Structure formats: C-alpha cells, structure tokens
Amino acid sequence: MEQKYLTRLKISNISKSFPNKEGKRELAVDNISLDVYDGEFLVLLGPGRCGKSVLLNMIAGLMKPDEGKVVLDGEEITKPNPQMGMVFQKTGLLPWLTVMDNITFGPRQRGESKKIYTERAQKYIDMVGLTGFEKSYPYQLSGGMKQRVGIARAYTNEPKILIMDEPFGALDAQTRYSMEQEVQNIVEKDRRTIIFVTNNIEEALMLGDRIILFTNYPARIKKIYDVNISKPRDTMDRTFLMLRKEISENTDLAL
Amino acid sequence: MKVKRKFFEKNDLKYTLMTVLTFVVFLMLWQVLAMNNLIVGEYTPSPSEVLEAFIFKIYNVGPDGNLLITNILTSLQISMSGFVLAVIIGVPLGLLMGWYRLLDRFVRPIFEIIRPIPAVSWIPLMIVWIGVGTEAKAVIIFLTAFIPCVLNSYTGIRQTSQALINVAKVYGASNFYTFLHVGVPSTVPMIFAGMRIALASSWSCLVAAEMLAASAGLGYMINMGRNFGRADVVVLGMIIIGFIGYIFTTVFTVIEKIVVRGGTI
C-alpha cells in the first residue's frame, strides 16, 4: 500500500549535536532517516525535550544538520523555505499586527499582490472559524483562537508541507480536544502533507496516519506505527485503545 | 471589546482632591516657614514672593534682560533640538548595533568609553569647536539624551523573541526585513522608555548647558538671579523647569499609549 504514495520529503541520516555545559558535544538527534509521503498526516511522537524540535528546525531549514540532508521534492533544504509552512508551539503571533496582517505576513513580505493574498487569507480565516476577528489584535484572543490564527497563517502561505510543532501543548485539555477536532475538519477540507509533533499519545492516535515514536534524548527512531483506523476516530475504539497501550508501554519516560 | 471608562469617576475626584491638598499643604508650610525665617538663611523667598516674581516677569525684562516667555521659548528650542537630534541619531544606531553583530563590535567600545563622561564636561571643548551659540548648547543636550536612546534601543532589540524571528525566517523573510518588521516593532516600548529618560535628562541638563555664555533661557535666568541676589527669580526658574518637565512627561505618556496600542505579549 505504501508503494502508491509519492515521497515528498526525504530525510537521510541526519544528526545534530550541541556543546553541553562542560563544552563536550552532546547528540540531540542521532542518525535519523525518514520518508514523508504525499498527503499523509505524519505524527512525530516523543517525550518532552527529546530532540524533536531540533529535528523539526532542521526540516524547516532553521538549523543546519551536522551530517545528512533533508530533501524536498528532489531539492536539498539549506535555508528556510516558504514551501514549508510552520505552526509554532508558542503561536509566534506578532502582537502589534492584527489577525489579518499576521496571517498575510508571508505573502506580503514576498511582495505578492495584496488583492490575491487577502482573498486567500480570508478563505482560510473562514476555514478556521475566525470570521469577524480579522481586525482583532492577538492580545484580544484566547489561546485556542491564537493557535487558529497560526494555522490560518501557515495555510495562507500555501505550503507543500505543513509542520506543526506541538501546537496545542500550551492549551488546556478542553480546548486542546476541540482543536484536535478542528484540525481533523481542516485536513478533510484541505488535504496537505502534514508533519505534526506532539508528546501526547492520544493526540497522536487521534490525528496520525503514521506515528513515528522517538527515544528519549538523543532522538532516535524507536518504532513506526501505521494507524489503520478510519477517521474520525473514537477514543474508546478497541484498536485505538490497544495501540494506545502498546505505544505507552514503549515510550521512554521523560526525566 | 474595550471598556470605555467614564470620564470622571468618584475615585478620580477623590484622588484629584488629594493631589490638590498635597500642594496646598506644601505651599502653606513653605509660606509659614519662609515668613518666619525658619528656613536656613533669611533669604529664602516665600511662595507669595515667587508668585509676585512670576507676575513681574511676565511683563518686565529685569533682572536678566528677557521676558519670561522669551526665556521659556529659548530653553525649549535648545532642549528640543538636542533631544530630537539624539532620537534621530541614537535610536537607529542602538537598533542597528543590537541587530548587527559586526557594527556592535565596531562601535560599542567607543560608545562605552564616551558613555560615562558627563555631558557638562564637554563644555570647554564645545566652546572651542562650535562657539557658545544655540548649536553648542543643543549639542551638550544631545550628548545627554543620546546615551539612553542608544542603550534602550540596543537592549530592547536584543530581547526580540527568538520565536518571532523564527516565524519571519520560516516565511522566507530576509535578515533586513526581519529587522524592520519584527525587531524594530517589538522594541517600540523600550524605545519609548529610552526617549522618556532622554527627554527628562535633556530638560534637566538645561541649566548646565546655559552656563555657556547665554543671553536668554531659563538656566540663564537662574544664573542671573543668583548674580543679582534675586532668590525669588531663582526659585521661579526652578519651578518653571519642574512644571514644564511635568507637562512633557504627561504629553509623552499619552503619545506612548497611542503608539503602543497593540501592546506586547
């Protein structure tokens, strides 16, 4: 079945280390190879601070790997690439800009036609359910709404690959749950290749077509799970619960 | 979404009354002490004497040779030109130093050495370089106001959130675009804080700057008051400097609120 999929992003043998307090280099990401297929919802699951974010920053081109390379559609990534959209854990909204101006930051900065990108932005604002808040400032929004702005911003950039770095990590449980539903709806309406990072097993199982489980620091691939449960998923479903148990027993404790 | 405040609430009235009361008590105390010569030296003028000097100075040029309004306008002109110059040069310099490492390494050592030198100690050099005119005084003010402008912009832009910088980078922004559209706007509150310090110090440095052979100005008026033994004129000059400084702060706070309306995180 996987043969049918087209590989969009090829990560081969990347490693990254940082100097620690004693000045020695410590591995954060250890020799990871990974293919991301077209249109899939890939979840990177690992304990907190396991090096997932470092991996993500390398995929996004914000950091250079020490070894190995990241290739998107046959082109090696060496610097940030607008073809990859990113939704950040800390939302990263510019507090002095309105919702609309935040969302159109990318295309505006590239000098695209205002009429075209405003129209596109409006489409995604409507999609994430923020209609009527275009002129609001981030401080006037709740945590969940801020994250919706972040998602709309990433989509407005029309990325080939959408990276979401623990987007709901800072939300309360209720909001988190409803945002997960929201993401499912959005993905159904506008299918894209998505890399979603989380430390929450349930969230991973709710959303992921494929789950990559990482070890604790340094990050290595521990196991890959294919989640063949139809969406929307039921958290009480038997297969769901069994997978949940299996992954949970396999997960390293974050210290 | 904004809650409009009523223009005049009950509490406002209470606090306004308290402020007024403080002034009244202070002035009364001062008047009584001065009238009975209880303040050190018999020479201390009482508030009523200062008020008389104020009314006198509105229509008369003695003892310093200028009407009060001429002195105020001259001083305003000097300190404003020094302040504006400091903002125009200091803020961009601080921002660029904070953002570009190379410039930082290049300029900062010189800046750090100039920083502790009191602006007043430049006076002798200024006389030689540009004489004793308005420009020389404006330059002294400039040197005072320049330091906080640079320091605050520098510190502010260095504190730009890395997360926001990453956002700009991910969307393909160049370093300069990120500087202009992320670094600078996020520094605005700090820039304003620096400008406020600069404004206050440029105004209070006035007396010292006007020790250069001036022919008008509030600092000049104070000096002349001293020379002629007119303590009432000296105190009048002090009070007017304080009062105008207070107006500056108030106006500046209003401007700051309008500009920084988006707020920070």
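How many salt bridges are counted between chain A and chain B? In this predicted model, the count between the two chains is 0. The contact between them is described below, followed by the contact between the domains of chain B and by the salt bridges found elsewhere.

The interface of chain A and chain B brings 23 residues of chain A into contact with 22 residues of chain B. The size of an interface is often given as the accessible area lost when the parts come together. For chain A and chain B this buried area is about 2,100 Å², and carbon and sulfur atoms give 68% of it. Within chain A, the residues that lose the most area to chain B are A:Trp96, A:Phe105 and A:Gln109, which together account for 29% of what that side buries. Although no salt bridge is counted between the chains, 3 residue pairs in polar contact are found across their interface, both residues of each pair being at pLDDT 80 or more. On the chain A side, at least two residues each are supplied by strand S6 (84-87), helix H3 (105-109) and helix H5 (143-156). Helix H3 of chain A provides the largest share, with 4 residues. By residue class, the side of chain A that touches chain B consists of 14 nonpolar, 6 polar and 3 charged residues.

A further interface lies within chain B, which is divided into domain 1 (1-44) and domain 2 (45-259). The centres of these two domains of chain B, taken over C-alpha atoms, are separated by 28 Å. Contact is made by 6 residues of domain 1 with 11 residues of domain 2, and the two domains bury about 610 Å² between them, 64% of it on carbon and sulfur atoms. In domain 1, B:Trp30, B:Gln31 and B:Tyr43 lose the most area to domain 2, together 73% of what that side buries. Across the interface of these domains 0 salt bridges are found, while 2 residue pairs, both residues at pLDDT 80 or more, are in polar contact. The side of domain 1 that touches domain 2 comprises 4 nonpolar residues, 2 polar residues and no charged residues.

Side chains of opposite charge can pair when their charged atoms come close. Over all chains, a search of the whole structure finds 22 salt bridges. One of them joins the side chains of A:Glu166 and A:Lys52, at 3.3 Å from N to O. Because A:Glu166 lies in the loop between strand S7 (161-165) and helix H6 (173-189) of chain A, and A:Lys52 in helix H1 (residues 52-60) of chain A, this pair ties together parts that are 114 residues apart in sequence. A:Glu166 is buried, with a relative accessible area of 11%, and A:Lys52 also counts as buried, at 2% relative accessibility.

In chain B, the side chains of B:Arg158 and B:Asp104 meet in a salt bridge of 3.7 Å, N to O. B:Arg158 belongs to helix H6 (residues 134-158) of chain B and B:Asp104 to helix H4 (residues 101-114) of chain B, so the pair links parts that are 54 residues apart in sequence. At 43% relative accessibility B:Arg158 is partly exposed, whereas B:Asp104, at 7%, is buried.

A salt bridge is also formed by A:Arg110 and A:Glu112, whose closest N and O atoms are 3.3 Å apart. A:Arg110 is partly exposed, at 31% relative accessibility, and A:Glu112 is likewise partly exposed, at 31%. Finally, a network of salt bridges links A:Arg8, A:Asp38, A:Asp73 and A:Lys160.

Technical notes: Residues numbered from 1 in each chain as written. Chains lettered and ligands numbered in written order. Predicted model: local features only at pLDDT ≥ 70, side-chain atom pairs only at ≥ 80, totals over all residues. Heavy atoms only, no water. Domains from an automatic or database assignment. Contact = heavy atoms within 4.5 Å. Buried area = accessible area lost by both parts, 1.4 Å probe. Salt bridge = Lys/Arg side-chain N within 4 Å of Asp/Glu carboxyl O. Polar contact = N/O pair within 3.5 Å; in protein donor to acceptor, adjacent residues only side chain to side chain. Nonpolar A, V, L, I, M, F, W, Y, C, P; charged D, E, K, R; others polar. Buried < 20%, exposed > 50% of the residue type's maximum accessible area, 1.4 Å probe, protein only.
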